[in-house]
Amino acid sequence: PAALRTDDGMAAVGRLLRMVADAAATFVPPADAVWRTGPVRWEPGQVVAHGDVGHGTLVWRDDGTPALFDWEFAHPAPPLHDLAGAAAWLVPLVDFDHERRGFGRVPDRGARLRALAGGAGVDVSELLDAVSAALRFERGRVAELGGLGIRPFDDYLAAGQIEGFDRALAWLREHGTTLH
């Protein structure tokens, strides 16, 4: 959506994800909870994260605020996991096909990242650390679950997502300091 291509839209997503993480902070899932994303152990300080924040899981209300749907990949994660996922896919820091994302030219990733972080009330450096951690987590999950033939992770593995995560992590190591 057009709103997502603006800094104001990115800030709105940051505010939404902060509200979701804050709301989830007091919930503790039952010990026998089963997660579609595979076996994940609940750790103190985690929240139930959406697990798939991106273009296809956000809708925009008439008043310009975003809403999040499609919680099939929910799982225990650090509180910044969804915000990190949003940074990876919406800034974008992972998929660099800006035209496919609706941009006429390469967006100012630093401005978009700062708007997202500002909306959530977090420091850009903290968010970048969370992005790297989330990408490593997702890489490992795709490798493990995809290697076991578990859907849809086997499709992600076959589509080359491991290499995509590796490219994104290398890009962040090289360019991350320029995004502040």
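**Exercise 1. Find which helices supply at least two residues each to the lining of the largest pocket, then describe that pocket.**

Solution. Start with the helices: helix 2, helix 4 (124-147), helix 5 (153-158) and helix 6 (161-175) each give at least two residues to the lining. Keep in mind as you look around that this is a predicted model. Next, take the volume, which comes to about 520 Å³ for the largest pocket. Now go to the residues themselves: the lining has 24 of them, and G51, D52, V53, W89 and Q161 lie nearest the centre. Last, sort the lining by class, and you get 10 nonpolar, eight polar and six charged residues.

**Exercise 2. Work out whether D154 is buried or exposed, and say what touches it.**

Solution. First, place the residue: D154 sits in helix 5. Then check its accessibility. The relative value for D154 is 17%, and buried means under 20%, so D154 counts as buried. Finally, skip the neighbours within four places in sequence, and you'll find D154 in contact with G146 and G149.

**Exercise 3. Describe how covered helix 2 is, and list what covers it.**

Solution. Begin with the count: nine of the 10 residues in helix 2 are buried, so the helix is mostly covered. Now name the buried ones, which are H81, D82, L83, A84, G85, A86, A87, A88 and L90. Then look at the surroundings. The cover over these buried residues includes three helices, namely helix 1, helix 3 and helix 4, along with strand 1, strand 2 and strand 4 (75-77).

**Exercise 4. Locate the largest cavity and say what lines it.**

Solution. Step one is to see what there is to choose from: the structure has one cavity of 30 Å³ or more. The largest cavity has a volume of about 40 Å³. Step two is the lining, made up of L17, V20, A21, V47, V48, A49, P78, P79, H81 and D82. Step three is to trace these back to elements: helix 1 (7-24), strand 1 (47-49) and helix 2 (81-90) are the ones that give two or more residues to the lining. By class, you have eight nonpolar residues, one polar and one charged.

**Exercise 5. Explore the largest nonpolar core, then zoom in on L127.**

Solution. Here's a handy bit of background: in soluble globular proteins, nonpolar side chains tend to be buried together. In this model the largest nonpolar core has 45 residues, and those with the most contacts inside it are V13, L93, L113, L116, L127 and L135. Next, ask where the core comes from. Helix 1, strand 2, helix 2, helix 3 (109-120), helix 4 and helix 6 each give two or more residues, and the largest share, nine residues, belongs to helix 4. Now zoom in: beyond four places in sequence, L127 touches L83, A84, A87, L113, L116, A117 and V122.

**Exercise 6. Place T65 and describe its surroundings.**

Solution. Look in the loop between strand 2 (58-60) and strand 3 (66-68), and there's T65. With a relative accessible area of 29%, T65 is partly exposed. Its side chain makes a polar contact with the side chain of D63 (2.7 Å). Leaving out residues up to four places away in sequence, T65 touches V59 and W60. To finish, try a distance along the chain and in space: T65 and G14 are 51 residues apart along the chain, and their C-alpha atoms are separated by 11 Å.

Technical notes. Residues numbered from 1 in each chain as written. Predicted model: local features only at pLDDT ≥ 70, side-chain atom pairs only at ≥ 80, totals over all residues. Heavy atoms only, no water. 1 Å grid on protein atoms, 1.4 Å probe; cavity = no way out; pocket = protein on both sides within 12 Å on 5 of 7 lines; lining within 4 Å. Points joined across faces, edges and corners; volume = space filled by probe spheres on them. Helix = DSSP H or I, 4+ residues; strand = E, 2+ residues; numbered from the N terminus. Nonpolar A, V, L, I, M, F, W, Y, C, P; charged D, E, K, R; others polar. Buried < 20%, exposed > 50% of the residue type's maximum accessible area, 1.4 Å probe, protein only. Contact = heavy atoms within 4.5 Å. Polar contact = N/O pair within 3.5 Å; in protein donor to acceptor, adjacent residues only side chain to side chain. Core = buried A, V, L, I, M, F, W, Y, C linked by side-chain atoms within 4.5 Å.
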